[in-house]
Amino acid sequence: MSGVPQRTLLLWCPDWPVLAAEIVDGVPATDPVVVLHANRVVACSERARAEGIRRGLRRREAQGRCPHLTVVDHDPGRDARAFEPVVAAVEEVVAGVEVIRPGACATAARGPSRYLGGEEAAAERIVEHVAQSCAVESQVGIADGVFAAGLAAREGRIVAPGGTREFLATRPVEALGRPALADLLRRLGVRTLGDFAALPAGDVLARFGFDGALVHRLAGGRDDRPLAVRQPPADLIVTADYDEPVDRVDAAAFAARTLAELLHERLAGYGLACTRLGIEAVTAHGQELHRVWRHDGLLTAAAIADRVRWQLDGWLTGSNGRGGTRPARPTAGIVRLRLVPDGVLAQAGLQPGLWGETGAERERAHRALSRVQGILGPEAVVTAVLGGGRSPADQVRLVPWGDERVPARPGPPPLPPASPAAAPPVPAGSVRGVASSRPVPAGPAAAPASGVTPSRPAAGAAPGAASAPVVVPPGGRAGRRAGRGRAMAEPPWPGRIPPPSPAVVLPAPLAADVRDAAGDPVVVSARLAVSAAPARLTVGDGRPAEITGWAGPWPVDERWWAPAEARRRARFQVCLADGAALLLAVEGGQWLVEAIYD
């Protein structure tokens with residue numbers, strides 16, 4: 001918690017339990033009245049105070065000071081019910097009100113003061129509106145923080161911004177509302193909030209505990225708890241008035257469709273869906289009709305329109321019962337129609353899409369693809385599921401439409417592209433990108449690890465310019481932090497090509513030939529040493545193409561412990577003079593084109 005406390009406007013109704021007893025039970029608040037809880041006075045009227053009665057007195061002592069005293073039992077429910085109209089009246093002037101307790105409510109002062117022309121004008125407007133609407137006297141205080149605003153409201157005072165600490169300094173410690181703590185502080189010689197705030201916070205916490213530390217912050221004007229304002233509920237009801245009474249079914253159906261679309265749009269704007277719909281109609285003669293429709297799922301705009309049309313049809317025409325009786329038709333046409341969403345559910349996925357109603361395109365696509373599967377078979381429509389693997393072909397699994405989309409093998413989340421300053425280069429003698437636990441010394445071009453992200457070879461780059469990659473530990477900073485203080489497990493799928501992923505993965509790799517500038521074949525030794533920088537590439541029987549940039553190798557040594565299943569290869573990214581970018585692999589001295597970048 002830090003910063004300046006929020007500027008707060010607090011409305012306080014003096015002697016509210018007494019006023020609530022008058023509002024609910026009819027007890028005259030102008031008489032000597034006390035409200036008792038646990039046989040002690042918790043509130044009293046002005047005439048009772050004139051008789052010497054104060055809060056905290058026992059019942060017998062209060063009655064001894066004023067024999068004709070009216071005693072009322074404390075009822076928090078009654079106080080809250082009576083205070084609700086006051087809160088509603090305040091909300092008619094300002095938005096967002098937090099009820100502190102029955103008799104006091106608060107709101108942020110910035111909005112009302114800017115809208116009503118200053119803090120003083122806002123306070124006067126709220127007090128006047130509450131008096132006119134509820135016939136209740138109130139006072140408003142404005143200060144930095146809820147606690148200071150509550151004390152200012154008892155004096156009807158507006159504390160200047162930044163002057164809250166000085167305002168609180170002269171108040172007695174009893175203002176904290178902790179009688180036991182106030183008594184202890186007085187016996188220790190601490191009599192004002194300023195004296196209490198001057199004590200070291202650590203000593204206060206050690207001596208008085210957490211509650212003492214909390215009120216110590218309040219005494220210093222550091223009440224920066226944000227207001228938990230009560231937001232007025234959204235008005236979801238839609239209403240349509242008709243100058244000409246609607247007495248035909250076709251006209252009623254058109255009105256129903258328009259109003260249903262409006263209701264659906266309003267609900268979708270709040271991320272809500274309707275499950276129970278109330279339909280209300282008022283005829284030209286004042287007759288009111290009401291019916292509630294329930295739906296097990298979520299009502300769409302079309303479903304709402306259908307139900308409204310059915311109900312209006314039933315009201316305007318009626319239907320013959322089994323015994324031949326017919327419901328009485330309305331005496332006149334409908335002049336007002338209201339749709340009330342009686343049951344709503346929060347549904348974040350119902351926000352409107354860019355091209356129409358959310359989910360409509362998905363449903364149409366599902367029906368079309370399911371029909372294709374019914375004609376051609378389940379395997380005719382497949383979708384790709386990304387998973388784990390070291391080569392692009394291993395990372396994709398084709399799943400028939402409608403089946404569970406589960407990858408063939410687990411895989412890590414995609415690695416973000418690295419920057420040159422992300423991590424130091426690979427140290428010679430240990431290549432973490434090899435899927436083998438055996439250390440492999442680096443050759444002329446240091447082998448990058450899984451997570452190495454040399455940027456895509458750019459056209460025009462000098463030969464070998466991209467052969468000095470940088471290493472990003474899997475998971476970035478989180479991965480580095482996780483590895484401190486414990487043995488870090490080998491990252492999943494080492495040797496995996498870093499992003500971006502190729503756009504086209506060839507179903508069968510194409511044979512290729514890679515030569516250096518002198519025309520000699522480029523080979524990769526068992527120690528991952530590249531014989532020379534690749535300069536020309538020939539795919540199949542095609543014409544040679546100049547290599548303008550390259551990155552690699554990314555070595556993979558799979559299942560080296562099983563000679564029959566062992567597979568060792570190295571991958572390269574190359575960029576050609578015509579702008580094409582390819583993913584190459586060399587295995588057993590043979591170069592292959594595995595994928596194409598877009």
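Begin by selecting Trp550, Phe572 and Trp591, three residues that ring pairs link into a cluster. The model on display is a predicted one, and the tour will return to this cluster after a view of the whole chain and a visit to one of the sheets.

**The whole chain**

Display the complete protein chain as a cartoon. It contains 15 helices and 19 strands. Of its 598 residues, 40% are buried. If a surface is switched on, the exposed area amounts to about 32500 Å², and carbon and sulfur atoms supply 55% of that area. Consider also the contacts between residues at least 6 apart in sequence: 57% of these join residues at least 24 apart.

**A sheet of four strands**

Next, select strands E5, E6, E1 and E7. In that order they form an open sheet with antiparallel pairing. Strand E5 (98–101) and E7 are the edge strands, each of which pairs on one side only. On average, neighbouring strands of this sheet are turned by 25° against each other, direction ignored.

Helix H6 (residues 119–134) may now be added to the selection. H6 packs on the sheet and touches E1 and E7; the direction of H6 makes about 25° with that of E1.

**Strand E1 and its partners**

Narrow the selection to strand E1 (residues 7–12) and show its side chains. How many of the residues of E1 are buried? Six of its six residues are buried. In a regular strand, side chains alternate between the two faces of the sheet. In E1, one side carries Arg7, Leu9 and Leu11, while Thr8, Leu10 and Trp12 lie on the other. Both faces are covered, with the residues on each side buried.

To inspect the pairing, keep E1 in view and bring back its two partners in turn:

- Strand E7 (residues 139–144) runs antiparallel to E1, and six bridges join the two. Arg7 stands opposite Asp144 in E7, and Thr8 stands opposite Ala143 in E7.
- Strand E6 (residues 104–108) is also antiparallel to E1, with five bridges between them. Here Trp12 has Ala104 as its bridge partner.

**Helix H1**

Move along to helix H1 (residues 16–25). Its buried residues include Trp16, Pro17, Val18, Ala20 and Ala21. What covers the buried residues of H1? Among the elements to select are strand E2 (33–37), strand E3 (40–44), strand E4 (70–73) and helix H4 (76–91). Just after H1, Gly26 takes a positive phi of about 75°.

**A charge over a ring**

Select Phe167 and Arg171 and show their side chains. The charged end of Arg171 sits over the ring of Phe167, at 4.1 Å from the ring centre.

**Aromatic pairs**

The next stop concerns rings that lie beside one another. There are five aromatic pairs in the count. One of them is formed by Trp293 and Trp310, a tilted pair with 6.0 Å centre to centre and 50° between the planes. This pair links distant parts of the chain: Trp293 belongs to strand E10 (residues 288–299) and Trp310 to helix H13 (residues 301–317), 17 residues apart. Trp293 counts as partly exposed because its relative accessibility is 24%. Trp310 is likewise partly exposed, with a relative accessible area of 41%.

Now return to the cluster from the opening and select Trp550 and Phe572. They too form a tilted aromatic pair, 6.0 Å centre to centre with 40° between the planes. Trp550 lies in strand E16 (residues 545–558) and Phe572 in strand E17 (residues 567–576), 22 residues apart, so to follow this pair is to link distant parts of the chain. Are these two residues buried or exposed? Both Trp550 and Phe572 are buried.

**A glycine in a loop**

For the final stop, select Gly387. Where does Gly387 lie? It is found in the loop between strand E12 (382–386) and strand E13 (396–400). Gly387 counts as buried because its relative accessible area is 13%, under the 20% limit. Add Ala408 to the selection: Gly387 and Ala408 are 21 residues apart in sequence and 6.5 Å apart in space, C-alpha to C-alpha.

Note on methods:
Residues numbered from 1 in each chain as written. Predicted model: local features only at pLDDT ≥ 70, side-chain atom pairs only at ≥ 80, totals over all residues. Heavy atoms only, no water. Buried < 20%, exposed > 50% of the residue type's maximum accessible area, 1.4 Å probe, protein only. Pairing = 2+ DSSP bridges. Contact = heavy atoms within 4.5 Å. Areas by Shrake-Rupley, 256 points an atom, 1.4 Å probe, with all protein chains shown as cover. Phe/Tyr/Trp six-rings, centres within 6.5 Å; stacked < 30°, edge-to-face > 60°. Lys NZ or Arg CZ within 6 Å of the ring centre and 35° of its normal. Axes fitted to C-alpha atoms, helices over the stretch in contact; angles between N-to-C directions.
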